[in-house]
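Subject: Structure handover

Dear colleague,

Here is the structure I said I would pass on. Please look through it, then read the notes below.

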Amino acid sequence: MLMYSIAGLNPIFHWVKDHRVHHKYSETDGDPHNAKRGFFFSHVGWIMVKRHPEYLRRQREVDLSDITADPVVMFNKKYARELFYIFCIAIPVAVPVIFWSETLLHAILTQCFTRYVLILNFIWSVNSVAHLWGDRPYNRAINPRDNTLVSLVTGGEGSHNYHHTFPWDYKASEFPYSRLNLTSLFIRGFSQIGWAYDLREPSPTLVQEVIHKIGDKSNVPSLIR
Ligand SMILES: [Zn+2]
Ligand SMILES: [Zn+2]
């Protein structure tokens, strides 16, 4: 939760809610960042305008009982503003100033502008770029794509065709190491100490069946290996 706060995103509670609605009503008016409305809307435009009435209706139907019962998520929601200023602004600016004598101006420019703006755009690219450009090795009937460039800038979140085909897989890609998937290694690391648990993934047989049945036969990690 603290590392999430460094990225300066909306509270975890809202992120989880939007994410669930995005998957359930993907690329319809119920989807908060419906990529059918174009690159700009799915990238950042959706944050700038009023939410679609269909989204407002759908988000009320989504079950959020698990996260409202999670004290860490609710702490993050309650102190979102304080956590943002401490972990996304104050600490990233203070560290270079204190530890390697960076000037305050340079620390602010690099951390509050360059770093923060890049992080936001990298994360948003999953909703925009990975819904428009790339391969569909797992399900050719849906728009989400596998995009190596998105994986590169997000630490492995670019296997988006896979993620929408098997959304329950904690790896969000076919293999823990494919397409620079540092995120799944991070989750695995925490599973070693018991902080992440009940990790789910589909059987390799099911993945192969899906690839052969509904994939577009392009650029499949398990076929390339
Ligand atoms: Zn997702
Ligand atoms: Zn998506």
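The domain bounds used here come from an automatic or database domain assignment. On that basis the protein chain splits into domain 1 (1–132) and domain 2 (136–225). Please keep in mind that this is a predicted model.

Domain interface

The C-alpha centres of the two domains, domain 1 and domain 2, are 22 Å apart. Contact between them involves 15 residues of domain 1 and 13 residues of domain 2. Together domain 1 and domain 2 bury about 1100 Å², and carbon and sulfur atoms account for 65% of that area. Of the area that domain 1 buries against domain 2, 39% is supplied by His 23, Val 126 and Ala 130, more than by any other three residues.

Which kinds of polar interaction cross the interface of domain 1 and domain 2? Seven residue pairs, both members at pLDDT 80 or more, are in polar contact there, while the rule finds zero salt bridges across the interface. On the side of domain 1 that touches domain 2, helix H2 (12–24) and helix H8 (104–127) each supply at least two residues. H8 gives the most to that side, with four residues. By class, the side of domain 1 that touches domain 2 has seven nonpolar, six polar and two charged residues.

Zinc site

The zinc ion (ligand 1) has three histidines as its protein donors: His 19, His 23 and His 163, each through NE2, at 1.9 to 2.0 Å from the ion. Along the chain, these donors follow the spacing H-x3-H-x139-H. Distant parts of the chain are linked in this way: His 19 is in helix H2 and His 163 in helix H10 (residues 160–165), 144 residues apart. A second zinc ion (ligand 2) is 5.2 Å from the zinc ion (ligand 1). His 23 thus appears twice in these notes, as a donor of the zinc ion (ligand 1) and among the residues named for the area that domain 1 buries against domain 2.

Salt bridges

How many salt bridges does a search of the whole structure find? The number is eight. One pair to look at is Asp 66 with Arg 20, a salt bridge whose closest N and O atoms are 2.8 Å apart. Asp 66 belongs to helix H5 (residues 65–68) and Arg 20 to helix H2, so this pair ties together parts that are 46 residues apart in sequence.

Regards

Notes
Residues numbered from 1 in each chain as written. Chains lettered and ligands numbered in written order. Predicted model: local features only at pLDDT ≥ 70, side-chain atom pairs only at ≥ 80, totals over all residues. Heavy atoms only, no water. Contact = heavy atoms within 4.5 Å. Buried area = accessible area lost by both parts, 1.4 Å probe. Salt bridge = Lys/Arg side-chain N within 4 Å of Asp/Glu carboxyl O. Polar contact = N/O pair within 3.5 Å; in protein donor to acceptor, adjacent residues only side chain to side chain. Nonpolar A, V, L, I, M, F, W, Y, C, P; charged D, E, K, R; others polar. Donors = N, O, S within 2.8 Å, 3.2 Å for Na, K, Ca; no water.
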